[in-house]
Every structure is written in C-alpha cells, then in structure tokens.
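Student: Could you take a close look at one strand for me, then work outward to whatever lies around it? I'd like one connected story rather than a list.

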Amino acid sequence: TSRVRGKDAGGRIGLKIHNIIAVGSGKGGVGKSTVAAALACGLHSFGCKVGLMDADVYGPSIPHMLGAGGQPGATEQQGGEGQKVMRMEPIDVDGMKLMSMGFFIEQGQSVVWRGPMLHKALTQFLKDTQWGELDYLIIDLPPGTGDVSLTLSQQVGLAGAVIVCTPQQVALLDAIKAVDMYQKVNVPVLGFVENMTGDIFGRGGAKKVAEELKLPFLGEVPIDACIREYGDAGKMMALLQEENSARDSLRAVCQNV
Ligand code: ADP
C-alpha cells in the first residue's frame, strides 16, 4: 500500500480492479497460499476493497482456510455484440470476494494441467468473475509457474508478484529461479516474504537473497502453530483481526506490499 501502482490494471478486459498482485513460490509447501490469504485478509482489514483468486489448481486450499463453502452462483449478463454471457459470482467472506478453481474441481481429484490450458483457464476465470470494483485482487498462483504471470500481465496488467519462500537453502534456490522466471517475462517482482522463520528452517536467508538480488524484503513470518491452527480451522480472516501471536508479523507484510 505504500507504493503507487498503475491504475485500472484490469481495465483491458473490462474489470474495475486497480492493483492485481500475484503471489508465487518456487516450490510447494512453503506457505504461499497462507501468505496470499493473509495478504488479502490484511488489506481487507485495513479497509480496502479486496478480492482473492485461488488459482493454485494443484492444491486449491484457500476456501478451506477461509471457511468458505458452497458453490459460486452464476448470472446471465449482456455481453458485447448482443450476446448473453454467464458471469460467476464470487463467494463473500466477511465482505471480501473469493473465487477458487477448487470450487470447480471435485474433492480428492487430481488435475493435470498443461501450460497453455492453465494460461487460458486463468484468464477466463478472472474475466468471467463478477469482481465489481476492487482496490486489490490477490492471485494465489500454482507453485513454480512464474510464466503464468506473463499471460496475466499481458492480458490484464499485473502490478507485480510477491515471492514466498522459507529460509532454507533449497527453498531459496527455487525462489531465485522463480525470480528469474518473472524477470524474463517482465513481471515486476514486488519482493520476498520469508515464511516459517524460526529454529527449524533458520532465519534471514530470504532477506539476504533479497539484498543480493536488489529486491525489496517484505517481511518475515515466524513458524507459529497459531497460523496452522487458524488456517486449518477456516479462520484466516480472524487471524488478521484477533489478538494472537502471528497477527503483527502478517500485518507488517501487508503494509510493506
Ligand atoms: P503452499 O501454498 O506453499 O503449498 P500452504 O500455505 O498450503 O503452502 O501451507 C502449508 C502448510 O503449512 C499449511 O498447513 C499451513 O497452515 C502451514 N503454514 C504455513 N505457514 C506457516 C507458518 N508461518 N507457521 C506455521 N504453519 C504454517
């Protein structure tokens, strides 16, 4: 929120969204979805109009983290050239708008997505959702798919990507690869979030890499049972609002983005 970004990012495809931010990671399991959900909930708690799009087709976990069930409704609308188009209505989570690929994938089923299919599905999904006017749309990308952001960038205009990693060496190497991928496709990297900082994985690795790559460091989130518990219980929105041990570090990340 501290930096000025391009206005009307989604304007190219008729969306009224000011800033579209992708959240990515080099590898899975580093807490990308947790950080994406916390970022959206945090910005929402600051009073911004926020949407969250869970595009992690390989593990769409965000509806669970937010305790959002049910199926999004659809309404028929007037499209261009007199055609009627179906638009999906996002699920409302305390006033925040949520859409997930998970709503359309049967539980327990795996999905095999080839690159071009994923690119097309994502843009379509974004376009066909009735987001209304938003200050921020946070997109949780599948891990290791920085190139998907290229499609989003070209078609909707992306403010940039936030990269989540843990402080351990293997995760950092993958995060560096992810940065390279984003930079190759000219998607601005907004910075690194170091997640699960603490005794188990170490501390400060992501900050050091951010400095070496001359990219902003957006903050560290400690490994904290409270984060897992709130996530598992579908209470991510409450995590950012209630008194708890993780709230301040997560809110600091939201402010830095
Ligand atoms: P990814 O999207 O990168 O695969 P998730 O966000 O799904 O990762 O997180 C994987 C698991 O780790 C989840 O059970 C989540 O609750 C937990 N987790 C994520 N970040 C933290 C943290 N900082 N402290 C404790 N548990 C965390």
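Tutor: A quick term before we start: a residue is buried if 20 or more other C-beta atoms lie within 10 Å of its own, and exposed if 12 or fewer do. Keep in mind, too, that this is a predicted model.

Let's take strand S6, residues 96–100. S6 is mostly covered, with five of its five residues buried. That goes for both faces: Met96, Leu98 and Ser100 are buried on one side, and Lys97 and Met99 are buried on the other. Yes, the lysine is on that list too.

Now for the partners of S6. On one hand there's S2, which runs parallel to S6 and is joined to it by four bridges. Gly51 has Lys97 as its bridge partner in S6. On the other hand there's S5, which runs antiparallel to S6, with three bridges between them. Here Ile91 stands opposite Leu98. S5 and S6 make a hairpin with two residues between the strands, and in that turn Asp94 has a positive phi of about 50 degrees.

Stepping back, S6 belongs to an open sheet of eight strands, in the order S5-S6-S2-S7-S1-S8-S9-S10 and with mixed pairing. The edges are S5 (91–93) and S10 (217–222), each of which pairs on one side only. From one strand to the next, the twist averages 25 degrees.

Over at the S10 end, S9 and S10 pair in the parallel sense over five bridges, and Val193 sits opposite Gly219 of S10. Helix H6 (205–212) packs on the sheet there, touching S8, S9 and S10, and its direction makes about 160 degrees with that of S9. Two residues around here have backbone angles worth a look. Met196, in S9, has phi near 65 degrees, a positive value in a residue other than glycine. Met196 counts as buried because it has 24 C-beta neighbours inside 10 Å. Lys214 isn't a glycine either, yet it has a positive phi of about 55 degrees. Lys214 is in the loop between H6 and S10, and with 6 C-beta neighbours inside 10 Å it counts as exposed.

Back to S6 and what lies over the sheet: helix H1 lies across S1, S2, S6, S7, S8, S9 and S10, running at about 170 degrees to S7. H1 also matters for the nonpolar core. The largest such core has 78 residues, and Val23, Leu39 and Ile138 have the most contacts inside it. H1 (residues 32–45) gives the largest share of this core, eight residues. Nonpolar side chains tend to be buried together in soluble globular proteins. Leaving aside sequence neighbours within four places, Leu39 is in contact with Val23, Ile138, Val253, Cys254 and Val257.

Ala38 is also in H1, and it's buried because 31 other C-beta atoms lie within 10 Å. With sequence neighbours within four places again left out, Ala38 contacts Met236, Leu239, Leu240 and Leu250. Ala38 and Gly231 are 193 residues apart in sequence but 9.7 Å apart in space, C-alpha to C-alpha.

Gly231 takes us to the ligand. Among the 18 residues that surround the ligand, the closest are Gly31, Lys32, Ser33, Thr34 and Gly231. H1, S9 (189–197) and helix H7 (225–232) are the elements that give two or more residues to this shell. The shell divides into five nonpolar, 10 polar and three charged residues. H7 also holds Ala225, which is exposed because it has 9 other C-beta atoms within 10 Å.

For contrast with S6, look at S4 (residues 84–88), which is hardly covered: the count of buried residues among its five is zero. S4 pairs with S3 (residues 74–78) in the antiparallel sense over five bridges, and Thr75 stands opposite Arg87 of S4. S3 and S4 form a hairpin with five residues between them, where Glu81 in the turn has a positive phi of about 55 degrees. Put the two strands side by side: S6 has five of its five residues buried, while S4 has zero.

Methods
Residues numbered from 1 in each chain as written. Predicted model: local features only at pLDDT ≥ 70, side-chain atom pairs only at ≥ 80, totals over all residues. Core = buried A, V, L, I, M, F, W, Y, C linked by C-beta atoms within 7 Å. Contact = placed C-beta atoms within 7 Å. Near = placed C-beta within 6 Å. Nonpolar A, V, L, I, M, F, W, Y, C, P; charged D, E, K, R; others polar. Pairing = 2+ DSSP bridges. Axes fitted to C-alpha atoms, helices over the stretch in contact; angles between N-to-C directions.
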